Amino acid sequence: MLSRARSCRSRRSWKTSSSKPRAESPTTMAVITYRDALNMALREEMHRDDRVFLMGEEVAVYQGAYKVSKGLLQEFGEMRVVDTPITELGFAGVGVGAAMAGLRPIIEFMTWNFALLALDQVVNAAAKMLYMSGGQFPMPMVFRGPNGAALQLGAQHSQAWESWLAHIPGLKVVAPATPYDAKGLLKAAIRDDNPVCFLEGEMLYNTKGEVPDDDYIVPIGKAELKREGEHVTLVSHGKMVLVALQAADQMAKEGITCDVVDLRTIRPMDVDAITASVKKTSRCVVVEEGWEVCGVGAQVVDYVQRHCFDYLDAPVLRVHQADAPMPYTKSLEKAAKPDLPKTIAAIRQVLYLD
């Protein structure tokens, strides 16, 4: 059935910048954790530019709630690694002022759930300052911290905020899935002259991967083809990329191959990478951590129906969190989260296998 469907359409060449080999990748690689990759990016950028400083709750003496800032206080001192009171709105606002004065602050939220208290500064100040000042005040600053669900943290601490933040003009929103991307994207975010919301997967800090010792950046706004296939496109970002890759592995045992497109950046989104893949496979499943309504996947579906409508052989399906606050109870939490079985079921559905 699959081959018959595809034979009805002409084959098209498929090539995007995101699928090219990493020409910039050096040869020296170390296998380190996502946490240490972020730490490496912070250290390198603070050495490269003395205007860069880190500020947040417990980032200095305690070295970060997730130890991302380990060793930075000893290396750069208390003027550049600054502990703050529990005042998200206050220290986010200090960061905005510092950026207006020419510094390049990195604001760490202990979790993005706490950043809700600082959204006035993120949304009304940082995101709009360049526009409302007539271009006088760029906002070279990064808001970063863990995002999404962990394990049994309850409804107030297990939320994925990327769709909220990506809704706001003036903000860039980044969600790396691997240690390589975590280092390269954080360095790019720190060098960017716009405010960047950097969403770290709360369950990714201990995951490991190859990371170059050398200086490199991953461009903001460029997706990457993490795995190449021909039967269905899986679009994902953040920690759900790992689920998409697991699903691709499992489907390969049945002879079904998947393109896995890692968005890496939610805003601006790499529409070309998504549409190029869907035009090749004719089927698409979006795997995301957030809620369904107005989620990132809804934006992906919009792009796909506008750019790939004549190529689709099945409706685009989405795998996402249940439309409810995250339960604390372990069994209910598992039922609410997007996972591998739900992703496999969606793939089989768009392929009309079930």
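What follows is a short conversation about how some terms apply to this predicted model.

Reader: Let me start with helix pairs. Why are H4 and H5 called roughly parallel?

Author: The axes of H4 and H5 cross at roughly 25° and come within 8 Å. Angles under 35 degrees count as roughly parallel, so that is the term for H4 and H5.

Reader: Which residues of H4 and H5 meet?

Author: From H4 there are Leu89, Ala92, Gly93 and Val96, and they meet Asp120, Gln121, Ala125 and Ala126 of H5. By class, the residues of this contact are five nonpolar, two polar and one charged.

Reader: What makes H5 a mostly covered helix?

Author: H5 spans residues 119–126, and six of its eight residues are buried. Those six are Leu119, Gln121, Val122, Val123, Ala125 and Ala126.

Reader: Which elements do the buried residues of H5 pack against?

Author: They pack against three helices, H4 (88–100), H6 (129–132) and H7 (162–166), and against strands S5 (142–147) and S7 (196–201).

Reader: Now to another pair. Why is H9 called oblique to H13?

Author: The axes of H9 (residues 240–252) and H13 (residues 340–350) cross at roughly 55° and come within 9 Å. That angle is not under 35 degrees, nor over 145, nor within 65 to 115, so H9 is oblique to H13. The crossing of H9 past H13 is right-handed.

Reader: Which residues make the contact of H9 with H13?

Author: H9 brings Val243, Gln246, Ala247, Gln250 and Met251, while H13 brings Leu340, Thr343, Ile344, Ile347 and Arg348. Six of the contact residues are nonpolar, three polar and one charged.

Reader: What makes H10 largely enclosed by the rest of the structure?

Author: H10 covers residues 271–281, and it is called largely enclosed because nine of its eleven residues are buried. Among them are Val271, Ile274, Val278 and Lys280. After H10 comes Ser282, with a positive phi near 70°.

Reader: How do you know that Cys284 is in no disulfide?

Author: The nearest cysteine sulfur belongs to Cys308 and is 8.2 Å away. A disulfide needs the two sulfur atoms within 2.5 Å, so Cys284 is in no disulfide. For Cys294, the nearest cysteine sulfur is that of Cys197, 18 Å away, and Cys294 is in no disulfide either. The structure holds zero disulfides.

Reader: Are Cys284 and Cys294 buried or exposed?

Author: Cys284 has a relative accessibility of 0% and the limit for buried is under 20%, so Cys284 counts as buried. Cys294 has a relative accessible area of 65%, and exposed means over 50%, so Cys294 is exposed.

Reader: Why is Lys183 called buried?

Author: Lys183, in helix H8 (residues 179–191), has a relative accessible area of 0%. Buried means under 20%, so the term fits Lys183. Leaving aside neighbours within four places in sequence, Lys183 is in contact with residues including Glu44, Asp213, Asp214 and Tyr216.

Reader: And what makes Met326 buried?

Author: Its relative accessible area is 4%, set against a cut-off of under 20%, so Met326 is buried. Met326 is found in the loop between strand S14 (317–319) and helix H12 (330–336). Beyond its neighbours within four places in sequence, Met326 is in contact with Ala149, Gly154, Ala155, Ser158, Gln321, Glu333, Ala336 and Lys337. The C-alpha atoms of Met326 and Gly154 are separated by 6.0 Å, with their positions 172 residues apart along the chain.

Technical notes
Residues are numbered from 1 along each chain as its sequence is written. This is a predicted model: local features need pLDDT of at least 70, side-chain atom pairs count only at pLDDT 80 or more; totals for chains, interfaces and linings use all residues. Side-chain values use heavy atoms; hydrogens and water are left out. Buried means under 20% relative accessible area, exposed over 50%, partly exposed in between (1.4 Å probe, protein chains only). Helices (H or I, at least four residues) and strands (E, at least two) are DSSP runs, numbered from the N terminus. Contact means heavy atoms within 4.5 Å. Axes are lines fitted to C-alpha atoms, for helices over the stretch in contact, and angles run from 0 to 180 degrees between N-to-C directions. A crossing is left-handed if the near helix is turned anticlockwise from the far one by less than a right angle, and right-handed if clockwise. Ala, Val, Leu, Ile, Met, Phe, Trp, Tyr, Cys and Pro count as nonpolar, Asp, Glu, Lys and Arg as charged, and the others, Gly among them, as polar.
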